[in-house]
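Reader: Could you take me through the largest pocket here, close up? A bit of context on the chain around it would help too.

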Amino acid sequence: MKRFVEFFQVSEVFGYFIRVFKKPDPSRPNTSSLRMMHGINRISIIMFLFCIGIMIYRFLTR
């Protein structure tokens, strides 16, 4: 049972979502490729949430 619970832990994933939208930490490296990667991740997360919202809206209106 413990392995099952460990398999479905998503705290690291949600921690990343929060970290992507926070201000950059000055103690971490700040390269242009890292900034681009985080920018693309922000765009993809926002698009994903927008599409989920559209899918829920369509499901509820039909």
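Author: **The chain and its largest pocket**

Just 3% of the 62 residues in the protein chain count as buried, where buried means under 20% relative accessible area with a 1.4 Å probe, protein chains only. This is a predicted model, where local features need pLDDT of at least 70, side-chain atom pairs count only at pLDDT 80 or more, and totals for chains, interfaces and linings use all residues. Residues are numbered from 1 along each chain as its sequence is written, and side-chain values use heavy atoms, with hydrogens and water left out.

The chain has three helices and zero strands, with helices taken as DSSP runs of H or I, at least four residues, and strands as E runs, at least two. Average pLDDT (the predictor's confidence in each residue, from 0 to 100) is 81. Among the elements, H3 has the highest mean, 91, and helix H1 (residues 2–7) the lowest, 66.

Now the pocket: an open set of points on a 1 Å grid over the protein atoms alone, where a 1.4 Å probe fits, with protein on both sides within 12 Å along at least five of seven lines. The largest one holds about 430 Å³ of space. Its lining (residues with an atom within 4 Å of a point) has 14 residues, and Lys23, Pro24, Asp25, Arg28 and His38 are the closest to the centre. Helix H2 (11–21) and helix H3 (32–61) each supply at least two lining residues, and H3 gives the most, four.

Notes
Grid points are joined across faces, edges and corners, and a volume is the space filled by probe spheres set on the points. Buried means under 20% relative accessible area, exposed over 50%, partly exposed in between (1.4 Å probe, protein chains only).
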